[in-house]
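Visitor: Could you take me through one part of this structure at close range? I would like to follow a single strand and then see what surrounds it.

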Amino acid sequence: MKKLFQRESVFLRRSLSLRSRLLLLVAAATVVAAAFLPLWQIRLVAPQYQEGLALYIYTHKLVGGNHGQDLPEINMLNHYIGMKPLVEEDFVEMRWMPFAFGVFALLSLRAAVIGRMLSLIDLGVSFSYFTFFSLGSFYYRLYTYGHSLNPHAPMTIKPFTPILLGSQKIANFVQTSLPEAGGVLFTLFPILIAAAIWCSRKEEP
Amino acid sequence: MKLLQQLIAPAALTGALLLFTGCNPPGKTTASSTAKPTEVNSAAARTWVAPGDKDEFYLFYSGGHSGQVFVAGLPSMRHITTIPVFGRYPGTGYGYDEESKKMLGDYTWGDVHHPGLSKTDGLYDGRWLFVNDNANNRIARIDLRDFKTRQILGPIPNSMGNHGSSFVTENTEYVLVATRFSVPLPKGRYADPNDYAKEFNGAVSGIRVDPKSGEMSVGWQIITPPFDWDLGSTGKGPSSGWAFWTSYNTEMAHDQLEANASQGERDYAAIVNWRAAEAAVKEGRATLLDGVPVLDPAKVPGVLYYLPVPKSPHGIDTDPSGRWIVAAGKLQPIASVFDFTKIQAAIEKKDFESEFRGVPVIRHDAVIEGEVPVGLGPLHTQYDGQGNAYTSLFIESAVAKWKMPPWTAEERADLNKVVLDKITVHYNIGHLVIGGSETKQPYGKYLVAMNKLSKGRHLSVGPSQPEDSELIDITGKKMQVLYETFTEPEPHFAQILKADTIKPIEVYPKAENTDPDAVWDAKDTGVTRHGRVVEVKMIAIRSHFTPDRIDAQEGDELVIHVTNVEQTPDMIHGLGIVEQNVNLVIDPGETKTVRLTMKKSGVFPFYCTNFCSALHQEMQGYLAVKPASLAEK
């Protein structure tokens with residue numbers, strides 16, 4: 001046991017190679033870019049909407065496709081089933097998300113400068129927590145929208161949860177949720193951190 | 001950004017942050033054509049535009065005395081829409097809202113003959129379509145951004161019978177128009193029709209077009225003898241700055257024209273130097289007549305010449321090069337080809353055969369290139385840009401294809417040899433159109449024959465019969481009829497425009513709505529009373545009106561402004577008020593206003609007339625009008 005702790009302690013004190021530090025710079029750039037690019041896309045396709053209605057979710061804003069027009073259109077359609085309109089102001093996470101992304105960029109830079117394995121482990125763990133928290137909160141939002149339907153609405157449908165990833169059929173619409181460029185970059189971040197750890201796994205403490 | 005997305009978009013994040021591919025969102029693939037129903041080269045296959053597919057060209061037909069313009073697609077010939085211009089059209093609410101009512105004025109109809117597309121550098125630029133009103137001397141501009149009539153100018157002063165119109169100059173400086181009828185000028189003056197030759201006058205006019213807004217105004221007029229001007233065309237290339245019209249009553253007959261205007265062997269065509277006319281007006285050589293600068297061609301030499309052409313000609317068409325001008329005398333079986341370079345030389349050398357009221361008459365033989373024996377009743381000529389001309393033969397019910405000059409000595413000796421092909425049409429063809437014929441670069445490919453009689457060609461619909469149009473393939477040596485369709489009365493001329501020249505909007509962007517009475521949010525709507533005027537600001541959206549109750553009293557004036565706040569294509573709402581003759585149709589993003597007096601008490605339902613959504617039937621409300629007696633209590 002003692003040996004394991006010793007190995008752990010040595011591992012955590014390992015310094016970072018140049019390659020790892022460069023990967024960290026890339027990771028910082030990735031997360032900064034992700035903050036400005038759409039993270040996720042929700043797309044609705046129906047016979048009379050062959051071109052589809054798109055909703056792009058950013059860290060800081062909600063944007064409809066077709067020059068923004070798809071957002072009011074989606075809200076317009078949702079009023080028939082009594083769904084609350086999707087309004088940017090209601091998404092509190094859009095106020096702290098960009099800040100959080102900034103924090104991860106700064107922590108990556110800090111780790112690149114300090115050059116200790118420990119910083120990377122901290123970064124990886126906190127980022128994973130952040131990711132699962134965000135996905136969970138996103139899922140909860142989707143659940144709430146689909147389950148708080150106004151009973152006075154013209155149409156009554158069974159409460160539902162819009163799908164988080166993949167496709168499903170809701171009435172006449174096929175709803176598809178997929179990560180966008182920002183989401184992909186966001187995914188790349190932990191991979192880069194993991195790669196940085198890997199590249200310095202044998203460095204001197 | 002897009003590239004990045006394309007490279008990495010088909011990736012998805014799972015809990016374990018795995019990357020995988022192949023998740024294309026549905027709906028991105030376009031509907032593909034179903035298999036062609038017939039052999040590849042059959043007429044049916046060549047006109048078949050599969051469901052979901054689109055035509056290659058627009059065809060803008062004039063609607064004659066329906067006052068409308070019909071829009072079809074080529075090669076399918078399918079009617080797509082109707083653009084109302086000079087008459088009410090309940091289907092789009094045209095003529096029912098205050099703006100279009102004002103544009104129409106007191107006239108309930110017009111007679112649309114010759115649509116003309118706007119041009120830049122002698123080519124269609126897809127901005128506007130101008131159409132004339134033969135009946136009430138007006139000219140209208142349709143904006144091809146939204147396919148709506150945006151301006152009606154007229155009645156044009158000193159202009160009676162706006163038939164020789166709408167001929168657009170090379171850069172849309174002017175739309176040129178000429179009078180079919182002559183009257184004592186200015187309009188409103190009385191003279192005995194027996195004094196026709198002395199007291200009556202016609203005119204050719206330059207309708208100036210604002211290069212930015214397209215706003216039309218009368219630029220200048222040239223007063224002419226009462227010759228009954230007919231069709232015309234504008235010049236280009238060597239004939240740039242010139243325009244041409246035929247006339248059919250050089251005899252100046254005022255009664256029994258059928259015979260009395262057909263006595264002379266030749267009638268005069270007008271050769272107009274419109275740039276000189278424009279310059280003369282700028283130099284102050286015009287006099288004002290009914291508020292318009294008018295030129296007397298006897299006092300301003302160089303603006304007008306006459307050219308004798310065979311008996312009662314109809315069409316006079318400039319070819320794509322601008323050098324050849326073809327006039328067809330409907331009572332003689334020939335098409336006369338004039339050489340504009342010779343016309344210019346004759347003018348320079350003063351090679352005139354006579355003078356009429358101070359205007360030189362160019363010597364016919366000095367400028368004629370040849371008389372092509374095309375057939376009986378030649379009317380109009382169009383060009384394919386490959387050196388061929390196509391002339392409609394009214395009496396013969398045919399189209400003749402013939403070779404344009406330069407001709408060989410052998411051909412010149414017997415011009416029968418330049419007539420290459422002839423095809424029968426059904427029946428009595430008037431105009432014909434080849435896409436871009438009056439531009440520098442015709443599209444060729446298709447010719448549409450617009451036939452006056454359709455009898456026996458369609459399922460019988462009783463005595464009121466439609467008109468007949470035939471699509472003719474002109475790509476081969478021999479012409480071939482591909483398709484036949486029927487239209488409501490009455491296409492005269494048409495224009496063909498390549499579909500990709502324009503990109504019409506499909507909703508009116510909210511940001512562009514400048515109507516001071518537009519409202520976009522339910523909280524800004526409402527009914528307000530100012531004395532006896534009840535003003536309603538209303539929104540229409542799927543599937544309700546806000547407000548859906550309007551209270552008024554008998555005798556009130558009701559003003560309703562309704563904004564369709566949708567920004568989705570085809571989400572059109574209508575506002576019909578029963579037994580109140582209100583019919584507004586509001587496109588997405590548009591605001592329309594109607595004013596009416598509450599003449600009777602009662603409750604009048606209003607509803608959405610243009611099917612919009614699953615709950616369209618529920619889109620309704622009430623206009624409750626208290627009787628005067630009850631209201632005063």
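Guide: Happy to, and please keep in mind that this is a predicted model. Let's begin with strand β20 of chain B, residues 324-329, which pairs with β21(B) in the antiparallel sense over 5 bridges. Between β20(B) and β21(B) lie 5 residues, and the two strands form a hairpin. Inside that pairing, Ala327(B) sits opposite Ser336(B) of β21(B).

Now look at β21(B) itself, which covers residues 335-339. This strand is mostly covered, with 4 of its 5 residues buried. β21(B) also runs antiparallel to strand β24 of chain B, residues 368-372, and 4 bridges join them. Here Phe338(B) faces Ile368(B) in β24(B).

Back in β20(B), Ala327(B) leads us further inward. Ala327(B) is among the residues touched by Ala269(B), whose other contacts include Phe244(B), Trp245(B), Tyr306(B), Leu307(B) and Ile316(B). Ala269(B) in turn is one of the residues with the most contacts inside the largest nonpolar core, a set of 116 residues. Val175(B), Ala270(B), Val272(B) and Val399(B) share that standing. A second, separate core has 40 residues, including Leu77(A), Phe127(A), Leu185(A) and Phe189(A).

Stepping back to the whole of chain B, the secondary structure comes to 10 helices and 43 strands. Of its 633 residues, 48% count as buried. The C-alpha trace of chain B spans about 85 × 75 × 55 Å along its principal axes. Its radius of gyration is 28 Å, which agrees with the value near 26 Å for a compact globule of 633 residues.

Key:
Residues numbered from 1 in each chain as written. Chains lettered and ligands numbered in written order. Predicted model: local features only at pLDDT ≥ 70, side-chain atom pairs only at ≥ 80, totals over all residues. Core = buried A, V, L, I, M, F, W, Y, C linked by C-beta atoms within 7 Å. Buried ≥ 20, exposed ≤ 12 C-beta atoms within 10 Å, placed from the backbone. Contact = placed C-beta atoms within 7 Å. Rg over C-alpha atoms; globule rule 2.2 N^0.38 Å. Pairing = 2+ DSSP bridges. Lists of a residue's contacts leave out its neighbours within four places in sequence.
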